[in-house]
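The following exercises invite the reader to examine a structure step by step. Please study the sequence and the model before turning to each solution.

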Amino acid sequence: MEKPEYTIGVTALNAIDNPGPGIPVIRALREAKSFNVRIIGLSYESLEPGIYMHELVDKTYQIPYPSAGTDLLLERLEYIQDQEKMDVIIPNFDAELFSFIKLQPKLKAMGIHVFLPTPEQFEERLKVNLTEFGEKYDIPVPESEAIFSMDKIADIANDYDWPVLVKGKYYDASVVYNIEQARIAFNKISSKWGLPIIIQKFVHGTEYNITGLGDGKGNTIAAVPMRKQYITDIGKAWGGIAVSDDHLLELTRDFIAKTKWQGGFELELMKNKKGEFILLEINPRIPAWIYLAVGVGQNIPEALVNLALGKRVEPFKKYSVGKMFIRYSWDMMVELSEFEKISTTGEL
Amino acid sequence: MKIKNNIAVSDSGFVFNPATGESFSANPIGMEIMELLKKGTPTQEISNTILEKYETDAPTIDKDLHDFIQILKQYTLIEEHGKA
Amino acid sequence: MEKQRYERPMIKKLESNMPNKFGMRTEYRPMTHIDNVAVKDLIDEYGSPLFVISEKTIRNNIRSARKAFETRYPKVQFAWSYKTNYLDAVCRTFHQEGSWAEVVSGFEYDKALHNGVDGSKIIFNGPDKTEEDLNKAIKNNSLIHIDHLDELYAISEIAPGLNKKAQVAIRVNMDTGIYPMWDRFGFNYENGQAWDALNKIMRTDAMELVGLHTHIGTFMLSPNAYAVAAGKLADLAIGIKDKYGHEIKYIDMGGGFASKNKLKGTYLPGTDINPSVNDFAEAITGALINSNFKPDNLPLLILETGRALIDDAANLLGTVISNKRLSDGRRSTILDVGVNILFTSFWYDHKITPAQPFTQYAEDTVLYGPLCMNIDVIRENISLPLLNKGDHVVIQHVGAYNMTQWMQFITLRPRIVMIDPENNVHVIRERETLDRLLEFEKVPDHLKTFDL
Ligand SMILES: Cc1ncc(COP(=O)(O)O)c(C=O)c1O
């Protein structure tokens, strides 16, 4: 049977030292067994490496920052859709998810499918709501609180042991060891991401991450746990290894069943000294290390595209353990004329 | 006063300075003025050219041109001759 | 040959993290007309700066807000919050749409009477009600929302002398899970003050307890906080019914719904993330319907919504006075609109749109007002197309609080016009003149003359 060809828009082409998931997602799509792809890159900045990786990305368009509002984003996507007839968009940045979730019905009317969490799921898993989330679904989470004013920083010393995590509403986190550092982090993060700021107990232990895919009906389509082997200065995985831990998988299936999660996600967990897993964060999108899942037998982006298009997808049952990923960087040669083109016309 | 010879201004308004590796973007009037400066056109003549072509007045163009040249200097895109 | 439109020459360094013009292009579509009237014509005829209010938008807003509540709850009444915008033309538009008046001072109370609102349809809030105010309000059967015990005692002294029962409610403040908690107005729920005040009212003949009121804050982004508040007021009402067999007539949830403006420091625009009136309606009516009120005996639900009904109905037109380069190389633009008439620029990033066509080229700019005062900054940093001296801009969503909190300072306050649904323009407030202002002043005889 001939494979269909889909045109798929992908964001987060920033394959840099703090990489976005776009490039690994595209690699996964290019290796899909059930379809061929034409990839439309959607970029925010003209130095995102993916723009220039022509063997992976067929054409790139710049899109407006989420802060410019959904009206503008929609208008830009309408223009792109006129040229490209995209079947699916996979947004991969936290900060843009809200806009794509909000635009979902309008995108559908344009023929563009997405497979994203519902607005309620998106809201519920916000860092600010983590405590309630843990209570509601009976999942252990670290003690945390949202604060709206610098005055509250002074209370940290009484309520928590140092160090403490200071987190932004969407992005950014700092580990701080005293009040002074907490104040600095509060200012820095709130000036960028607004209020509230989240103060979270620092959990000691070993970090595990799980990426998975829920079908929106409570079924687990895919789940692959990973332990980071080495972490860079800015806290990103340098290498990681797929692990087999029934407890972790059970916990993931439980999370999907209870929340009826729709779409890709990443759970960040800490295994404490007592061997308990504490849920630190839920990222409502595919993580940057997704290629490991593909490499061990679960092509999550492929399955996600099929779900987005309303196809039946069989759950992945297994994956091979004993494989790891190691990240490396690569200096690509780029003609200045290409940079000129994306900078002045917004397309390449 | 002249735009440095090796500065490339493309039709898209993309300006590249090979000496520093910096790139810039200019609007159409900015490009036009840079082209004139490149030819060594005196500023008074540039003012007159712009004034003839566009809906504006002499004080405005004088002020804007002066400011524009300041910025070109700041970006080190201009070389100055015969400076006392 | 016809001359081309002039745009000042511009060159800027390309930086990787710079949103380029393609990402941003459409943000800067000009706003040349308001309700089909050209901005340029408005300024030519009425001057700059100029506040422009759309009657059509006001009516649409109040109608859709009523619909949001009335489709979910049997008895709903809006009361226009005068302090948000007490221009007579604005108030009367709301009154024509069925809104009562909500006032917080003797001055606003008199303005509501002057507008022809029946005393029994005026809600009197606020901590400062003079004896004279209370006298009037009791006589007119107005709904007095008591803020503190001193007011409660004052009413119990005044009412008997008038042979009237004062129609009262108390304002209740409470923890609804939001920060900051407004606990300076009214009586606290959690510590029992509110219950205590209600008992005092029930035990005197001077007053009739007709309602319960709260106003949990302004520019609220959490519908759930309203659900919590409605639940707590319902508990108080049920408590009074159980203890005294007395039924209150209404629950007044105050105002505070966020408008579509963008608060400073937030990342996504308000038009995207701020909850809609529907969201608030769902939370409030849901909480009341799920409370212990009998389904056939639900109290009237009063809303004092202010900014969410008026913010987007007004634009402020302004004109570029000059473009200037600052010492550090930044661009700045001076407008004829100052913070003295645009108070809300202290907490909102108002959307500011040029009123004439322009190209996609934009520069980061500091926007200053015309006042010779350092604080007169409309925006610390905004990416704007290349405006020329004399160009016009439209500052959007300025309907709430600006036309009441503005002040006469350095400049005279400008005209306000209203565009009616047939697109006719009416001046609804004249521009201030020196003569008008001098009417307030008196110069002692010995200061009348001088030699220089
Ligand atoms: C008692 C009361 N009601 C209503 C309002 C109107 O509030 P908003 O404009 O936030 O809707 C206010 C304003 O602060 C108020 O104090």
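The exercises below concern salt bridges, a polar contact, cysteines, a surface patch and domains.

The model is predicted: local features need pLDDT of at least 70, side-chain atom pairs count only at pLDDT 80 or more, and totals for chains, interfaces and linings use all residues. Residues are numbered from 1 along each chain as its sequence is written, chains are lettered from A and ligands numbered from 1 in the order in which they are written, and side-chain values use heavy atoms, with hydrogens and water left out.

**Exercise 1. Describe the salt bridge of Arg38(A) and state where its two partners lie.**

Step 1. A salt bridge is a side-chain nitrogen of Lys or Arg within 4 Å of a carboxyl oxygen of Asp or Glu. Over all chains, the structure has 39 salt bridges.

Step 2. Arg38(A) pairs with Glu84(A), and their closest N and O atoms are 2.9 Å apart. This pair links distant parts of the chain, 46 residues apart: Arg38(A) belongs to strand β2 (residues 36-43) of chain A and Glu84(A) to helix α2 (residues 70-84) of chain A. Helices (H or I, at least four residues) and strands (E, at least two) are DSSP runs, numbered from the N terminus.

Step 3. Buried means under 20% relative accessible area, exposed over 50%, and partly exposed in between (1.4 Å probe, protein chains only). Arg38(A) is therefore partly exposed at 28%, whereas Glu84(A) is buried at 9%.

**Exercise 2. Determine which residue of chain B pairs with Arg331(C), and which network includes the pair.**

Step 1. The partner is Asp67(B), with 2.7 Å between the closest N and O atoms. The pair crosses between chains, from strand β16 of chain C to helix α3 (residues 58-74) of chain B.

Step 2. Arg331(C) is buried at 4% relative accessibility, and Asp67(B) is buried with a relative accessible area of 14%.

Step 3. Salt bridges that share partners join Asp67(B), Arg8(C), Arg325(C), Arg331(C) and Glu363(C) into one network.

**Exercise 3. Locate Glu347(A) and identify its polar contact with a side chain.**

Step 1. Glu347(A) occurs in the segment after α11 (336-345) of chain A. Its relative accessible area is 15%, so Glu347(A) is buried.

Step 2. The side chain of Glu347(A) has a polar contact of 3.1 Å with that of Lys59(A). A polar contact is a pair of N or O atoms within 3.5 Å; within protein, one must be able to donate a hydrogen and the other to accept it, and residues adjacent in sequence count only if both atoms are side-chain atoms.

**Exercise 4. State how many disulfides the structure holds, and classify Cys91(C) and Cys372(C) as buried or exposed.**

Step 1. The number of disulfides (pairs of cysteine sulfur atoms within 2.5 Å) is 0 over all chains.

Step 2. Cys91(C) is buried, at 0% relative accessible area. Cys372(C) is exposed, at 75% relative accessibility.

**Exercise 5. Name the residues of the nonpolar surface patch that contains Phe346(C).**

Step 1. Patches are made of residues with over 30% relative accessible area and no salt bridge; like charges are joined within 9 Å, and nonpolar side chains (Val, Leu, Ile, Met, Phe, Trp, Tyr) within 5 Å. Accessible areas come from the Shrake-Rupley method with a 1.4 Å probe; for residues, only the protein chains shown count as cover.

Step 2. The patch consists of Phe346(C), Trp347(C), Met373(C), Ile375(C) and Ile410(C), with about 470 Å² of accessible area together.

Step 3. Phe346(C) lies in the loop between β16 (331-335) and β17 (352-354) of chain C and is partly exposed at 41%.
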